[in-house]
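I opened the model today to look up three things: the domains, the ligand site and the charged pairs. My notes follow in that order.

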Amino acid sequence: MNNLILKNVKQLIGITENSSIPKKGKAQGEVGTLENAYVVIRNGIIEDFGNMDECPNTELTEHDCTGKLVLPMYFDSHTHLVFAESRSGEMNMRLHGKTYQEIAESGGGILNSAAKLGQMSEQQLYDAAQIRLEQALKQGTGALEIKSGYGLTIEDEMKMLRVIRVLKQISPIPIKATFLGAHALPEEFKNNKDAYMYLVTSEMLPRIAGEGLADYIDIFCETGYFDLNDLKQVIEAGDKHGLKAKVHVNQFSSFGAIKLACEMGALSVDHLEVMKEDDYTALQNSKTIATGLPLCSLFLDIPYTPGRELINRNIPLALASDFNPGSAPSSNLNLAFGLACSQMKLTPEEAFNALTYNASFAMEVQDEVGSIQKGKKANLIITKPANGLEDIPYWFGESIIGSILV
Ligand code: NIG
Ligand code: FE
């Protein structure tokens, strides 16, 4: 638990008032900033902050931040951080012209990850995930959501979720768990999707919810994976067990999944690389948070989520890593920040809010973390000497993080 006072902070970035809604439209580009600031941190909580002219005398250890920025850590509201091993072999296949979908059809993809995971013990899975969690933390991630979905059997989905439960216990940052049983159709259900959907919603889910292993429910709603009817079943089943939905939609095609998810009250819809007019309209009329995954777009060389357009249309935008072995083998949100500006045409302020404040709503930790506010956890990034927020996307692929406080 940190007890210290930060002094001479060049810019304290991300100050907010109490608010119960994510930022959208013009507000998405507004960032509360204080120049030449101090921050008092007691027991890991932001107790006070203000201008250096009013800096109190305290007994606390002083940390000089001359020339440096202080901001909330990023919130990664969409990851698949628990997985068996790398699928780097698929990269060569892609370089030889195969698409993500073709690789999956030829025995790679999610089913490949599931086969590997089936052979690993809970301890082995945990050891690998724990190293990835450490790495994400170092890169500035201050809370994260982790999905199951590489198990695809009751035993292995629960194994993944139990690993996430242990990560929650040891982690200095908040973690949320999402049950993604409907991630891909296992080979043995190839001709019987209904039976698999029954397994997911009526056998896996009750046990998982019964043991309190999941906070949310997810489905990969996409051509060749799961359809609108499956999406409806999953969200309904989640409702029955008190799990809100955070769903994979519109990665490769648009066929009404966003509208249905919004109407059914999903917390977030994620991916959104392919968008039609109806998709925007549905989001405009709902409280669902749109989440873009720029590292996936970079890695698979697919379109970026139209972040500029979403913000122009007054839709709250969050950004996350999608960290996974198939479509985004990186948890680096500094890079996501850079891509948000250079590729999605967001301003640094909009990208910052997408990765912090709005992302905290997309995983419901907004009362605890996500901005500079008295009483919130001091999960903070202290940068190296920097000019301003724009230095983060400017040094793309690099990191201007000097240290983190958790
Ligand atoms: O979000 N699209 C579905 N699921 C992951 C990828 C999973 C994988 O390829 O292993 C995603 O991109
Ligand atoms: Fe994903």
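**Domains and their interface**

I started with the domain assignment, which splits the protein into domain 1 (4-73 + 369-405) and domain 2 (75-361). I am working from a predicted model.

Next I took the C-alpha centres of domain 1 and domain 2, which are 29 Å apart. I then asked how many residues each side brings to the contact. Domain 1 gives 35 residues and domain 2 gives 31 residues.

I looked up the buried area between domain 1 and domain 2 and got about 2600 Å². Carbon and sulfur atoms account for 68% of that area. On the domain 1 side, Pro22, Gln28 and Met73 lose the most area to domain 2. Together these three make up 25% of what that side buries.

Which polar links cross between the domains? I counted eight residue pairs in polar contact across the interface of domain 1 and domain 2 (both at pLDDT 80 or more). I counted zero salt bridges between domain 1 and domain 2.

I then listed the elements that give two or more residues to the domain 1 side touching domain 2: β1 (4-15), β5 (68-72), α15 (391-394) and β15 (401-405). I sorted the residues of that side by type and got 16 nonpolar, twelve polar and seven charged.

**Ligand 1**

I moved on to the ligand site. I found 15 residues surrounding ligand 1, and the closest are Arg87, Tyr100, Tyr150, His183 and Ser327.

Which atoms of ligand 1 do the polar side-chain atoms of Tyr150, Gln251 and Ser327 approach? For Tyr150, I noted an oxygen atom of ligand 1 at 2.6 Å. For Ser327, I noted an oxygen atom of the ligand at 2.5 Å. For Gln251, the partner is a nitrogen atom of ligand 1, at 2.9 Å.

**Salt bridges**

Last, I searched the whole structure and found 22 salt bridges. I picked one to follow: the side chains of Lys116 and Glu85 meet at 3.6 Å, N to O.

Where do the two partners sit? Lys116 is in helix α3 (residues 109-118), and Glu85 is in the loop between β6 (74-76) and α1 (89-95). The pair therefore ties together parts that are 31 residues apart in sequence. I added a reminder that side chains of opposite charge can pair when their charged atoms come close.

Note on methods:
Residues numbered from 1 in each chain as written. Chains lettered and ligands numbered in written order. Predicted model: local features only at pLDDT ≥ 70, side-chain atom pairs only at ≥ 80, totals over all residues. Heavy atoms only, no water. Domains from an automatic or database assignment. Contact = heavy atoms within 4.5 Å. Buried area = accessible area lost by both parts, 1.4 Å probe. Salt bridge = Lys/Arg side-chain N within 4 Å of Asp/Glu carboxyl O. Polar contact = N/O pair within 3.5 Å; in protein donor to acceptor, adjacent residues only side chain to side chain. Helix = DSSP H or I, 4+ residues; strand = E, 2+ residues; numbered from the N terminus. Nonpolar A, V, L, I, M, F, W, Y, C, P; charged D, E, K, R; others polar. Near = heavy atom within 4 Å.
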